[in-house]
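Work through the exercises below with the structure open. Try each task before you read its solution.

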Amino acid sequence: MNLANMNWLTLSMLLPLLGTAALAFIPKGNVLLTKQIALATTVLVAVVGILMTINFDFNTPGFQFVESRPWIPAFGINYALGVDGIALVLILMSVLLTPIVVIAGWNESEGGRWSAKTFYSLILVLETMMIGVFASTDVFLFYVFFEAMLVPVYFLIGGFGSGERAAAAVKFLLYSLFGGLLMLASIVGIFVMSTRYGNRTFDITTLAGLHTVITPMMENVLFLGFFIAFAIKAPLWPMHTWLPDAAKSATPGTSVLLLGVLDKVGTFGMIRYCLTLFPEASKTFTPLIITLAVISILYGAFLAIGAKDIKRLIAYTSISHFGFITMGIFAMTTQGLSGATLYMFNHGFSTAALFLVAGFMILRRKSSTISDFGGLQRVTPIMAWSFFIAGLSSLALPGLSSFVSEFLVLVGTFTRYPVAAVIATFGIVLAALYILIPVQRALHGPTTPGNENLPDLTLREKVAIAPVIAIIVALGFYPSPLLNIINPAATTVISQQGFTDPAPTNSEGK
Amino acid sequence: MVTNSGLVYLIALPLFGAVSLLLLGRRADKWGHLLATALSAGSFAVGLFQLSQMLGRDVESRPVTQKLFTWISVGSFNVDASLLLDQLSISFVLLITGVGTLIHIYSISYMAHDPDRRRFFAYLNLFIAAMLLLVLGDSYLNLYVGWEGVGLASYLLIGFWNQKAAYATASKKAFVMNRIGDMGLSFAIMIAFASLGTVSFSGVKEKAEFASEATMTALGIMLLIAAVGKSAQFPLQAWLGDAMAGPTPVSALIHAATMVTAGVYLIVRSNFVFDAAPNAQLLVAIIGAITLIFGALIGTAKDDIKKALAASTMSQIGYMILGAGLGPAGYAYAIMHLITHGFFKAGMFLGAGSVMHGMNDEVNMRKYGALRKFMPITFVTFGLGYLAIIGVPPFAGFYSKDMLIETALNAGGVKGILLGGTALLGAGITAFYMTRVMILTFTSPKRWDDNQRPHESPALMWIPMAILAVGSVISGYLLHQGKAFKHWLEPLFAKPGEHSELLPPIVVSGLALTMVAIGVAIAVVKYQLSEVDSVAPENVTEFTHFARRDLLQDEINEALFMRPGQAITSALVKIDQSVIDGAVRGIGQMAIGSGSSLRKSQTGFVRSYAALILVGAAALIAAIWVVTQ
Amino acid sequence: MDINNYLYLSAILFTIGAVGVVVRRNAIVVFMCIELMLNAANLSLVTFSRINGTLDGQVVAFFTMVVAACEVVVGLAIIVTIYRSRRSASIDDASLLKR
């Protein structure tokens, strides 16, 4: 069997669906078996993901593991899959995070509106869609996954969350649908344009030439349809207000998938669709987008500092981080783009660590208000350390993974947009504040009455959190494996844009 | 350049200690401190071995490097994780591991009764590893890792007893203010990459001659900001006093001997940048001069022995920064003062820890007095450090400080006179406040309560103090003998320009000693020969009030940054809720509102619906009729 | 006789029916008025069928009659039920649907 030519992508998308089908045959009362099957499936998918990464040839740019079958020939729509380095690392992140979420949230399905079976079926279906959305090379197929992903998440938030879960779920759904509709309009536009100027197709590689024939006005309009959808998803200021509500109401595991994976679809889409399909329009809107990104960085940081609820705090830090990612993407330098892609991967894990540990804390204290904690370091040292390390990663301490990506983004932006990079760098001081303030309130100081007997992490929780922290530390010291996968793809995207990295301004002669 | 595969062990040993002690947890409680101390000593031994190797080579081939692996490589941005050991870094390596090991030994006894002693030693080892990475990194980005690593270790150690809310706040303050400095270092790296295309020391040095002066000035100022944050220089000095919340050995190691001097290292390491940017260099000297007076003035009013010493540290680092700002003539002396200061200040901090140990952790010097009789060894070691810091010949501080003052005076013109004069004035104030500490603690009449039982500390504590005291006595003489240290570092720096001597060296020494004598005399009159209250008197001059409140540094920071920051935060929280989310909810409200107003037309009366249908149909027919006509 | 007269009659019958539906409250009367409108439509259909010489209109008329029969069955059942529960055949009393 030739491993490099296997249909890895279809296989990895099929496995979770098979798992879901298996769940359907399990009696409703057998919760443990349900969980075991879900876990086994996600672990299997993770293994497939790792094997796929190993078989990925990172010396060749362009799409690999390509598959294409006609789906709706009348409209030129294909079931077309393929990954470049950027998509691959995001798929890898998704399939690694899902089993961790299942382990960490072993009891999350309790207290939900529906049974554990529904919960894990939703997670597995979501995993299929997460892979599909990153692997699609057909714009229409991408759109289908992009919108269909909302359904399981809607039910996960609305059915299994806490607090005002129904309202948060509806808010999330409406926001996303609004963006999705704009994108749909743009996709119809693409279809019309591609029909008018040649063969009707949704193939991303063919469509990359479309911008040379359509009018700049049309390009701008189509670009905006995509960009607004992605900016809502990412989320970029000022389209961010759904995120804190959704993150607060969702279960920690759902929040991890929501912030760690789903939001990445927004920034991934910016690279794959906005930059590739509409390079001229991207250039036109870059100043605006960079401005929004810088605002997001500082705004998210300030709101995180002011947050009283630990889940909302993490959501706001993510808004700040997504500002960095967006800024790196539109800086149009290889450092910026590689850094942004690496940032997506790293953010997935550092946010996962934060959310999972926050979830453990909330589970014990039955409250998510930061001031209800206090002195946890003496009571539950392992939990406190996990939170602290996750926090350090979030504030991009050198030696932890986020630093490499954040610094690449800043350096890459600085070579082209120095002012934006300088303002964004102030975010690192704010990051110190928004992490150390909750660390001080929750972990340090005298132990708050009522917290003296909180239990430390259980073995299952340690098993969930340990690989996340290991990845955070390992990639901080040795990011090369991922950078080697990302770099060729990033270089390709940048050169497709007609950009080259700015040369050092002072390197030779006065 | 020569490669050497042994450099990594310098860092690997303490790093292994930190990681294993933290991971093993309580299982390592019994022997953790021993392992940590042994690993620190091992690192010192590797350092000595490297020194002997280095001495065996001729001057050109003394620097050695070791490439560990490719760290970050994207496009033209390539940074290897590699280490560089040259004459400058070996000096630091020996200081860090040497003083560090002594402080490890001291802490075994000092922290013996703390249930978390293992954790303390893990942090100490973490600090040593990070600090070694800082001085061994061969590029600004590698240095940055160590730079923030020591910040983290400092945060953890200041907040070691973070169950006390004030200590937790102090550690957070230190980290955040350090981060402001770190931002400067980030900018410096970005500027270096964007304009020179490299971030390694050798690369920047090579390209420095091609770069415009504006670029180099910007680079220099950013490096200065970094140094200011890490070394507690004006205007980012406010965290150092609060950092005394940490256990005293930490204050000795991190906040006196090593970490806070990293700024000096950075500037001296970047000598090629500052030599190409005279304005940035002048700014360095000015910042140093301001801080040396600022710290000294705070030192005159502090009653907390550790805070008095912290103010003194700030001031002494001011001297070093001043020296580093004097260009090639001053670099070597800045580092020399750094090393002698490492000995005497660490010794004095350990002495202060010893006093606290014997006095039930009392830190207020007004509750001390007459401890000479009860703690003779501490008195002697502290006293030797005291003689060194005020610059009495032939103790260490005399040589290093004297050379700094002399170099400052010879810097030429008004600049030289102002900087040199400031340094001289600082020497006088230093003599005053250090004599005050000495008198209040050891020689004035006793002012402590009767339930205190002052006693000498155990051998494990006083032996490190004694070794450091010996260093305080002889290190200056040894380093200055035949200008040995200057010649040792010289190959790394550009040749200093010729300067005419403003005053002959002997006159400068005379002036400095006169200032010292005046300072000592005032302190003796004020504290030895007159009664000292055991509570701080309130009827003092306005200036003393200011100095007690650290010359209002916290008030200024709060007014300028903290409160506006809090105001912005709470304003943005409100805006996010009301304006942005309000707009979103407004759209939802609009949909609901329009629905409920349209709903009113649905009366439920079948006949009105029928009438409406009739009217509608008629209207439709009429419309069709009109159109088709 | 002018064939248009059938159409006039149909229009008059339809108008009477429509006015009756709008102005009368008694459910039975309203119901009968609806029947009147339906049959007015039937008359038109048959007339047009005659004018055009095709059978389409007559076929539709039969459809209408069948539908009307069904409607009578369902409608009368509803009216009787409402009368039973409310002791009233006034359609203005049955305005609860708006809630």
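**Exercise 1. The nonpolar core**

Find which residues touch the most other members of the largest nonpolar core, and which helix gives the most to this core.

Solution. The model is predicted, so treat the packing as a computed result. Step one: the largest nonpolar core has 421 residues. Step two: V357(A), F127(B), L132(B), A188(B), L322(B) and A346(B) touch the most other members. Step three: helix α6 of chain B, residues 165-196, gives the most, with 19 residues. Step four: a second, separate core has seven residues, among them A18(C), A27(C), V30(C) and I91(C).

**Exercise 2. Contacts of one core residue**

List what V357(A) touches, leaving out residues up to four places away in sequence.

Solution. Take C-beta atoms within 7 Å as the cut-off. V357(A) then touches M383(A), S386(A), F387(A), A390(A) and I465(A).

**Exercise 3. Chain B against chain A**

Describe the side of chain B that touches chain A by count, element and class.

Solution. Count: 47 residues of chain B contact 48 residues of chain A. Elements: β2 (64-74), α5 (140-158), α6 and α24 (553-599) of chain B each supply at least two residues. α6(B) has the largest share, 16 residues. Class: 25 residues are nonpolar, 16 polar and six charged.

**Exercise 4. Domains and confidence**

State how far apart the C-alpha centres of the two domains of chain B lie, then give the confidence values.

Solution. Domain 1 of chain B spans 340-541 and domain 2 spans 557-628. Their C-alpha centres lie 75 Å apart. For the complex, the predictor gives an ipTM of 0.90 and a pTM of 0.87. Chain C has a mean pLDDT of 88, and 97% of its residues reach 70 or more.

Methods:
Residues numbered from 1 in each chain as written. Chains lettered and ligands numbered in written order. Predicted model: local features only at pLDDT ≥ 70, side-chain atom pairs only at ≥ 80, totals over all residues. Domains from an automatic or database assignment. Core = buried A, V, L, I, M, F, W, Y, C linked by C-beta atoms within 7 Å. Buried ≥ 20, exposed ≤ 12 C-beta atoms within 10 Å, placed from the backbone. Helix = DSSP H or I, 4+ residues; strand = E, 2+ residues; numbered from the N terminus. Contact = placed C-beta atoms within 7 Å. pLDDT = per-residue confidence, 0-100. Nonpolar A, V, L, I, M, F, W, Y, C, P; charged D, E, K, R; others polar.
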